[in-house]
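Morning, everyone. I'll keep this quick. Please have a look at the model first.

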Amino acid sequence: MVADLCLRADVPADVSALSGAVSGYVVDPPAAARDALEPLMAAYDFIAAEHEGDIVFFHRDRRSTVTLSLGDLAAESAGAAFAQRGDAADKPIEARVRFLDPERDYLIASASARRLDRAEGGVVSVDAPLVLETEAAEALAGLVLAERRSASEALHLALGPDMIALEPGDHLAIADRDDIFRNFA
């Protein structure tokens, strides 16, 4: 499905690292390739990155984690505060997913995931024109909630020349810490 959408957009893409099957998907024309890909990327937990002129798609959990030590940081990062955490009130407490339910004659259905604590925040909604089983839609809602909540935490640092091989999408960890971050630059 991803290869076909990229082919239609005349975008060279490598989809060899993707796995999974799509039961059904509705693309309402006219739609940009990016708009058509976003629900698939959320539902099947994959991302895209540019590599040597091509767009490469891969599942997030299949990337290895690079552990950084303080010696890997460039001099300008060594003394600066580089962690940034967004306001907890701005984080969503619920995610809702609308999908096509094959058990109900492909009518639109919804599933949600919600934090169980008393946190305050908004609701994020995803309209996925995908045919999904209810369990898969609930899992997608949980994934979207976790992703949106973690997106407010960022790590800003400059790395030395030894880390030039890092690419967007690589997972980074700091030695002696449990946090894992995804490289965006």
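Which residue follows helix 2, and is its phi positive or negative? It is D45, and its phi is positive, near 50°. Bear in mind that this is a predicted model.

Let's stay with helix 2. It spans residues 33–43. Buried here are A36, L37, P39, L40, M41 and A42. What covers them? The cover includes helix 1 (2–8) and helix 4 (134–150). It also includes strand 2 (46–51), strand 3 (54–59) and strand 8 (123–131).

Now the core. In general, nonpolar side chains of soluble globular proteins tend to be buried together. Here the largest nonpolar core has 27 residues. V2, L37 and L40 touch the most other members. Helix 1, helix 2, helix 4 and strands 6, 7 and 8 each give two or more residues to this core. Another core, of 5 residues, lies apart from it. Among its residues are L68, M163, L166 and L172.

Back to V2. Leaving out residues up to four places away in sequence, V2 touches L37 and L40. V2 also touches V15, L18, F46 and F57.

Next, the sheet. It is open, with 3 strands in the order 7-6-8 and mixed pairing. Strand 7 and strand 8 are the edges, each pairing on one side only. From one strand to the next, the twist averages 20°. Strands 6 and 7 run antiparallel, joined by 8 bridges. To find your place, take A95: its bridge partner in strand 7 is A113.

Last, helix 4. It lies across strands 6, 7 and 8. Against strand 6, helix 4 runs at about 150°.

Definitions and conventions: Residues are numbered from 1 along each chain as its sequence is written. This is a predicted model: local features need pLDDT of at least 70, side-chain atom pairs count only at pLDDT 80 or more; totals for chains, interfaces and linings use all residues. Side-chain values use heavy atoms; hydrogens and water are left out. Buried means under 20% relative accessible area, exposed over 50%, partly exposed in between (1.4 Å probe, protein chains only). Helices (H or I, at least four residues) and strands (E, at least two) are DSSP runs, numbered from the N terminus. Contact means heavy atoms within 4.5 Å. A nonpolar core is a set of buried Ala, Val, Leu, Ile, Met, Phe, Trp, Tyr and Cys residues joined through side-chain atoms within 4.5 Å. Two strands pair if DSSP finds at least two bridges between them. Axes are lines fitted to C-alpha atoms, for helices over the stretch in contact, and angles run from 0 to 180 degrees between N-to-C directions.
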